[in-house]
Amino acid sequence: MERLEPFLFSAVVSCGFLVSSVVFALLSRGQRNPYMDEVFHVPQAQRYCDGRFSQWDPMITTLPGLYLVSTGIIKPVSWLMGWTGIAVCSTGMLRFINLLFSTGNLYLLYLLLCKIHQKNKATSAFQRIVSALALASFPLLYFFSFLYYTDAGSTFFILFAYLMCLYGSHSIAACLGFCAFMFRQTNIVWIIFCAGSVVAQKLTEAWKTDSLKKTDEKTPPVPSSTAEITKIVQFLSEYVLSLNNLKALILLIWPYIILVLGFLLFVFLNGGIVVGDRTNHEVSLNFPQLFYFFSFTLVFSVSHLLSPHKVSSFLHSVKKHPLFYTVLLIVSLLLVWKFTYVHKFLLADNRHYTFYIWKNIFQRHELIKYVLVPGYIFAAWTFIETLKSKSLFWNLAFFICLGVATVPQKLLEFRYFIVPYLIYRLNIPMPLRSKILAELALYSLVNVLTIYLFLNKTFQWPDKKEVQRFMW
């Protein structure tokens, strides 16, 4: 089967594109006009198609990467095909760009799985191909591949940059990171993660070398004692204070450093990270966002994270370290108490699933948000457990970037979880075939339900004539 892998994957890509094209046709026929955020994105892209690059909608908060790429693809193709008129940059044509990105994401996910798990000889072609198909079908990413949103393109360039980073092509990775930044400014966090993963690899190598000189030590994924923490801090201090080490790191990650410096210059000149309307994008310390992300991951990776054995292991860990979990519980309760923010959009728009989650769970009783804390801790524990195969320094880079990407967000928006979720899922040990198939079945079921609800369960607001639809 390994010899047939390229042909099998090509067949999967072709079938995936065919199925997506059918879904695309259904959604475009059902919702011909721009919907939700498309009412801002589509007209702006059409201005760029007309060559009016100086005109900008002040309600748009992201940079024009999506519109530039769309124009750069559609205009040459329309010229070659002889297309003219309103169809050239119609809503359907612009949405189709994201369908292309979606296909690209499937290919990139497959290449990333091959690269990350290349040392694991037990991984089969079936696991790689079906895992890639499952992740490309990830409900949040898949749904927005049929609308003119930034998610598909943004994810494409982040995945591409991460792939190039893993192959050591850091200059190309930084260029792709710039493209990702042009789609969504917060993507700079995941470019920093790429640099961090490179630094983590060097630190791990240096730690192993240092350990061989002393004793046969291994870097624990999570320090479990004060002595281990002291050793790691001491090692990092010695490493950072070495000018030779710093020089070697800078020479290795200089493309990312230039990109980050450019980002800081942009923030300084722009007066903030958001362009356009900033009133609804305020920075906050919304620490429960991490809890929401861990819970979100537990739901969508339930086949990998939840089992009687894992529950038993968690309870055993609690019994073994009661003081640690007591302190963690108290800190988590305090974070929920003092740092839970509810964005006005969350309860003002009943078209989003998050509206119903918040209304039917969190608003049911004042104490609900505290009752859920033990569940958050279990979700976080299972999350960390599955990343134990990665080095401490890789985990440190990932969790720092995860916190920076989620905590400042005041709005609970599941789309913000797409990139960290995919990076997490790519880096866990390759699951068993049965678990991958269960994952694919879950994603497929959720996709069918969300698309069905979007197309068939429409409603209207009393003061609006337009048809309203349910969506993520």
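**Salt bridges, helix packing and a nonpolar patch**

The side chains of E38 and R95 meet in a salt bridge, with 2.7 Å from N to O. Because E38 lies in helix α2 (residues 38-49) and R95 in helix α4 (residues 91-116), this pair ties together parts that are 57 residues apart in sequence. The model is a predicted one, and the points below take up its salt bridges, one helix pair, a nonpolar surface patch and some single residues.

**Salt bridges**

- A search of the whole structure finds 13 salt bridges, and one of them is the contact between E38 and R95, whose two residues are both buried.
- D151 forms a salt bridge with R415, in which the closest N and O atoms are 2.8 Å apart; the pair links distant parts of the chain, with D151 in helix α7 (residues 151-166) and R415 in the loop between α19 and α20, 264 residues apart.
- D151 has a relative accessibility of 1% and therefore counts as buried, while R415 is buried with a relative accessible area of 11%, which falls under the 20% cut-off.
- R415 also meets the side chain of E413 in a salt bridge, at 3.7 Å from N to O, and E413, like R415, is buried.
- These contacts belong to a wider arrangement, in which D37, D151, R184, E413 and R415 are linked in a network of salt bridges.

**Packing of α19 and α20**

- In general, two packed helices are described by the angle between their axes and the distance between the axes.
- Helix α19 (residues 392-406) and helix α20 (residues 418-427) pack at an angle of about 160°, and their axes are 11 Å apart.
- Because angles over 145 degrees count as roughly antiparallel, α19 is roughly antiparallel to α20.
- The crossing of α19 and α20 is left-handed, and the loop between α19 and α20 is where R415, the salt-bridge partner of D151, is placed.

**Nonpolar surface patch**

- V240, L243, L246, I250, W254, I257, I258, L261 and L264 make a nonpolar surface patch of about 850 Å².
- The largest share of this patch, amounting to eight residues, comes from helix α11 (residues 243-270).
- I250, one of the residues that make the patch, lies in helix α11.
- With a relative accessible area of 47%, I250 is partly exposed, because partly exposed residues are those between the 20% limit for buried and the 50% limit for exposed.

**Backbone and single residues**

- Most residues other than glycine have a negative phi.
- M36, although it is not a glycine, has a positive phi of about 55°, and this residue is found in the loop between α1 (5-30) and α2.
- At 11% relative accessibility, M36 counts as buried, because buried means under 20% relative accessible area.
- I361 is found in helix α16 (residues 353-362), and with 38% relative accessibility I361 counts as partly exposed.
- I361 and L372 are eleven residues apart in sequence, and the separation in space is 9.9 Å from C-alpha to C-alpha.

Conventions: Residues are numbered from 1 along each chain as its sequence is written. This is a predicted model: local features need pLDDT of at least 70, side-chain atom pairs count only at pLDDT 80 or more; totals for chains, interfaces and linings use all residues. Side-chain values use heavy atoms; hydrogens and water are left out. Patches are made of residues with over 30% relative accessible area and no salt bridge: like charges are joined within 9 Å, nonpolar side chains (Val, Leu, Ile, Met, Phe, Trp, Tyr) within 5 Å. Accessible areas come from the Shrake-Rupley method with a 1.4 Å probe; for residues, only the protein chains shown count as cover. A salt bridge is a side-chain nitrogen of Lys or Arg within 4 Å of a carboxyl oxygen of Asp or Glu. Helices (H or I, at least four residues) and strands (E, at least two) are DSSP runs, numbered from the N terminus. Buried means under 20% relative accessible area, exposed over 50%, partly exposed in between (1.4 Å probe, protein chains only). Axes are lines fitted to C-alpha atoms, for helices over the stretch in contact, and angles run from 0 to 180 degrees between N-to-C directions. Angles under 35 degrees count as roughly parallel, over 145 as roughly antiparallel, 65 to 115 as roughly perpendicular and the rest as oblique. A crossing is left-handed if the near helix is turned anticlockwise from the far one by less than a right angle, and right-handed if clockwise.
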